[in-house]
Every structure is written in C-alpha cells, then in structure tokens.
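Q: I should like to learn how the surroundings of a bound ligand are read from a structure. Please take the general idea first and then the case at hand.

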Amino acid sequence: MAVDLLLGLQWGDEGKGKIVDVLTKNYDIIARFQGGPNAGHTLEFDGIKHVLHTIPSGIFHKNAINVVGNGVVIDPVIFKKEIDNLKKFNLDIKTILLISRKAHLILPTHRLLDAASEAAKGKAKIGSTLKGIGPTYMDKTGRNGMRVGDLELDDWKEKYRSLANKHEAMINFYDVDIQYDLAELEADFFMAVKVLKELTFIDSEEYLYQAQKAGKKILAEGAQGSLLDIDFGTYPFVTSSNTTAAGACTGLGIAPNQIGGVKGIFKAYTTRVGSGPFPTELFDEDGETMGRVGNEFGATTGRPRRCGWLDLVALKYAVRINGVTELMMMKGDVLSGFKKLKVCTAYNYKGKKIEHLPFNIEAENVTPIYTEMDGWAEDLTKMETEAQFPKALKEYIAFLEKELEIPIKIVSVGPDRTQTIHR
Ligand code: GDP
Ligand code: IMO
Ligand code: MG
C-alpha cells in the first residue's frame with residue numbers, strides 16, 4: 001500500500017493541521033516527517049480549537065496511530081506541554097502515539113544558540129521561531145546530536161552534559177547578550193525527559209515497513225511549506241529541514257517508489273511569517289483585510305503574518321518540486337468581499353518577463369505581474385456544496401486548475417472540520 005503525503009506549498013500555515021484531521025478517517029497511520037515545535041497546526045471541531053506542534057494531527061481520531069518520524073526534532077519540554085494539553089481528551093497516548101528512536105532532541109542550549117545566532121544577525125535575522133530548530137539540525141548533520149533512542153542508554157546524561165558544555169562555549173562565542181539560567185532550564189528539561197520516556201519509542205522505519213506490508217494506509221504529514229525548504233526555499237530565510245516530498249522519504253524511511261498521492265495545500269492568497277522575500281506582499285488596506293479576516297497570527301509565536309495575493313509562479317514551482325497529484329485550496333472564505341482579486345502569473349525580473357522562480361526573488365529584482373479577476377461578495381462559511389459557490393469563485397478555481405494543471409479536490413471555507421467541501 002503506497003504512502004500518501006500531505007504538505008504545504010507556500011510559506012507554511014496553509015491549513016495542514018485542519019486537512020490532516022479531516023482526512024484521518026481514511027487512514028490507519030498519520031506520520032510527521034520533519035520539522036519540530038516551530039510548527040503550529042490548528043484543528044477545530046465540536047467547538048474546540050487545538051494547536052499541535054510536534055504531535056501529528058490525527059491524534060483526535062480513535063482509528064489512527066500517530067507516528068513522530070525520525071526526521072522530526074523533539075523538544076521534550078514542549079512535547080510534555082503538548083501531552084499535558086491533551087489530558088482532558090482522555091486519549092490512550094501510550095498506544096496511539098509512537099516516537100521514532102532516531103528523532104533528534106532539542107536541548108535547552110539549542111534554543112539558546114538559536115537566540116544567540118538570531119541576535120548576532122541583527123537586521124539580517126531569519127525571524128526564527130527560536131525553538132532551537134537550526135542548531136538541532138546542525139548537530140544532526142554535524143553528527144553530534146542526541147536522539148530519542150539515546151535516552152534508553154545508561155550514559156545519556158553524560159552525553160547530554162558534554163553537548164551542553166560545547167553549546168555554552170558556542171553561545172559565548174557570539175558577541176551578544178543572552179540572559180539565561182541554565183540550571184532552571186535543565187531542571188525543566190530533565191523533568192520533561194522523564195515524561196517522554198514514559199511514552200512509546202519505536203524503530204519507526206521498521207514499524208512503517210511492516211504496516212505498509214500489512215496493507216495499512218499511511219498519510220505522511222509535513223510541517224512548514226515548500227518555500228521554507230532548506231534546499232528549494234527562499235534561502236537563507238528558510239527552516240533547516242526538507243519540507244518537500246523527498247523529506248518524507250528521509251524523514252520516515254519510505255522508499256521513493258512507495259509514495260502514492262501527493263496532496264498539496266495552499267491558501268487562496270499568500271502569507272509569510274518571519275523575514276525574507278515575498279513578491280506579492282501587500283502593504284495596503286487589502287493586505288490588512290486579509291490579515292484581519294483570516295486571523296493571520298502565528299499559531300506558534302503569535303506574530304502577525306505578512307499577507308499578499310496568490311503567487312502562481314511560486315505555487316507552480318512548489319507543485320513541480322513535490323510532484324503534487326491533488327490540490328487543496330484553503331481560506332477562500334477570507335477573500336469574500338474583495339471587488340477584484342489579483343493573481344500573480346509572471347514576474348518582471350530585472351526588466352524581463354519570466355514565469356519561473358529565479359535564484360533571487362528579492363524586491364529589487366522582482367515585481368509581480370498580475371492577472372485581475374472578479375471577486376465575490378457571498379459569505380462562503382456556511383456553504384456545503386460546490387453548487388452553492390458564487391460564479392466568480394468557480395471561475396477563480398477553474399483558472400487556478402488550468403494554470404497549475406492539477407485538480408483542486410478540496411475547497412476549505414472555514415477553520416472547522418465540517419467547513420470542508422470535497423470535489
Ligand atoms: P498549518 O500550520 O498549515 O496547520 O496552519 P495553521 O494552523 O498554522 O494556520 C491555519 C489557520 O487558518 C488556523 O487558524 C486554522 O484554524 C485556519 N483555517 C484553516 N482552514 C481555514 C479556512 O478554510 N478558512 C478560514 N477562515 N480559516 C481556516
Ligand atoms: P507550520 O508547520 C510558518 C518560519 C519562521 C522563520 C523560518 C525559520 O505551522 O506551517 P525556524 O524556527 O524553523 O528556524 O524558522 O521559518 N517557520 C514557519 N512559518 N509556519 C511554520 O510551520 C513555520 N515554521 C517555521 O517564521 O521565518
Ligand atoms: Mg502553522
């Protein structure tokens with residue numbers, strides 16, 4: 001049985017959490033393949049709004065097992081909070097949540113290093129979520145990291161000490177003023193590790209292999225978005241993992257020929273949180289309206305998200321890199337009330353019209369070329385079928401499908417699980 005993927009096609013926060021929750025009824029296993037607590041995946045159902053950071057978004061369904069894959073980085077302190085927040089739902093966490101022994105651990109000093117690195121960059125800062133993501137993946141690729149499986153060894157505290165000492169020397173190397181009380185941070189960390197160790201650790205690649213062999217249906221859940229991919233995103237303003245389809249292979253141990261459908265999620269407009277280029281960003285009333293109506297504030301950091309028109313140049317790029325087989329359009333309801341909508345279909349790049357994403361999309365090189373379309377006034381949030389859609393929305397969807405050459409299979413018209421129209 002092939003493994004399906006679900007991933008974000010923009011700069012994150014496309015609505016992955018909501019759609020994974022909606023789709024979980026069709027799957028036996030939901031497996032997160034990369035990223036860490038920099039992610040914030042929001043689910044809304046039965047009047048409950050819940051944000052997950054490291055735990056896969058299938059956790060509220062009785063039928064599914066949730067796997068935190070080897071490609072994920074785990075902060076025990078945040079993980080413990082996530083587990084605590086789930087207590088009121090009476091879930092059998094030890095059974096329905098399985099953690100890869102090969103997943104790397106975020107130490108308190110990784111978080112401090114993230115803060116020191118950002119402070120040292122000054123104006124050029126990435127706008128990191130300061131969760132320690134970059135330093136943890138650096139230790140992973142530098143072959144210094146600590147993994148979940150290490151916690152089962154007797155000498156793990158020695159390994160921890162030696163890595164934390166090294167980190168302290170590195171923090172001192174940065175000429176910045178970072179205030180911290182390591183003893184306090186470590187007390188929290190050790191307590192959280194205790195809680196983590198009560199959960200179920202597995203050799204996840206073996207588990208997923210056997211599950212696949214037994215015909216189980218697996219959905220791999222991505223974090224962040226394609227334009228934040230370490231290789232294909234707007235480097236250096238990216239995260240430190242491969243957020244694109246290939247990341248699911250390395251982040252779970254799934255062979256490329258075992259990948260089935262690739263579900264790509266995008267918002268009907270574009271948002272970005274943190275620094276970095278964003279060609280279609282709006283600084284006017286339209287952008288302000290998208291932010292207000294769409295409630296565009298980071299689910300992890302609470303920072304306001306930058307907003308702008310849909311960028312088809314970037315979206316086509318993401319569709320190709322990921323091999324997307326079906327699309328999901330989110331938050332169309334936020335565009336209700338705009339008289340005219342703009343979609344970027346090409347860039348003016350150093351005076352020349354281009355239709356691909358070039359090496360550098362900084363504002364001094366790129367200005368978007370727009371196609372203008374009619375907007376719609378109708379409130380979409382209570383619509384239950386496509387037949388109820390206003391004509392202009394149908395035209396918007398048809399235009400995107402023609403441009404992207406991939407069908408849009410889901411149109412989301414609100415944050416709740418039920419506000420989802422399948423086509
Ligand atoms: P993720 O990181 O991709 O899971 O997305 P986030 O949870 O960070 O951000 C998406 C936000 O939009 C959340 O607050 C969702 O509840 C909300 N949302 C998802 N789909 C829709 C939709 O179709 N319409 C509206 N208005 N909000 C939505
Ligand atoms: P989800 O899964 C939106 C952004 C940060 C910053 C850059 C690097 O909820 O879509 P990092 O902490 O990874 O070093 O930050 O990436 N970023 C996200 N933006 N959604 C996310 O996750 C993000 N995770 C990281 O804002 O610009
Ligand atoms: Mg998010």
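The dialogue below treats the two ligands and a pocket.

Q: What should be known about the model beforehand?
A: This is a predicted model, in which local features need pLDDT of at least 70 and side-chain atom pairs count only at pLDDT 80 or more, while totals for chains, interfaces and linings use all residues. Residues are numbered from 1 along each chain as its sequence is written, chains are lettered from A and ligands numbered from 1 in the order in which they are written, and side-chain values use heavy atoms, with hydrogens and water left out.

Q: Which residues come nearest to ligand 2?
A: A residue is near a molecule if one of its heavy atoms lies within 4 Å of it. Around ligand 2 there are 21 residues, of which D13, K16, H41, T129 and T239 come nearest. By class, eight are nonpolar, ten polar and three charged (Ala, Val, Leu, Ile, Met, Phe, Trp, Tyr, Cys and Pro count as nonpolar, Asp, Glu, Lys and Arg as charged, and the others, Gly among them, as polar).

Q: How are the polar contacts of ligand 2 read, and how much of its area does the protein bury?
A: A polar contact here is a pair of N or O atoms within 3.5 Å. Oxygen atoms of ligand 2 lie 2.9 Å from a backbone N or O atom of G40, 3.1 Å from a polar backbone atom of V273 and 3.5 Å from a polar side-chain atom of S128. Taken alone, ligand 2 exposes 550 Å², and the protein buries 97% of that (Shrake-Rupley method, 1.4 Å probe).

Q: What surrounds ligand 1?
A: Its shell holds 20 residues, with G15, K16, T42, D333 and S412 the closest. Five are nonpolar, seven polar and eight charged. A backbone N or O atom of G40 is 2.8 Å from an oxygen atom of ligand 1, and a side-chain N or O atom of K331 is 3.0 Å from one. For a backbone N or O atom of G414 the distance is 3.1 Å. The protein buries 94% of the 580 Å² that ligand 1 exposes when taken alone.

Q: Which pocket does ligand 1 take up?
A: Rolling a probe the size of a water molecule over the atoms shows where empty space is left. A pocket is an open set of points on a 1 Å grid over the protein atoms alone, where a 1.4 Å probe fits, with protein on both sides within 12 Å along at least five of seven lines; lining residues have an atom within 4 Å of a point. Ligand 1 takes the space of the second largest pocket (more than half of its atoms lie within 2 Å of the grid points). The volume of this pocket is about 570 Å³, counted as the space filled by probe spheres set on points joined across faces, edges and corners. Its lining has 27 residues, and T42, G294, R305, K331 and P415 are the closest to the centre.

How values were computed:
Polar contact = N/O pair within 3.5 Å; in protein donor to acceptor, adjacent residues only side chain to side chain.
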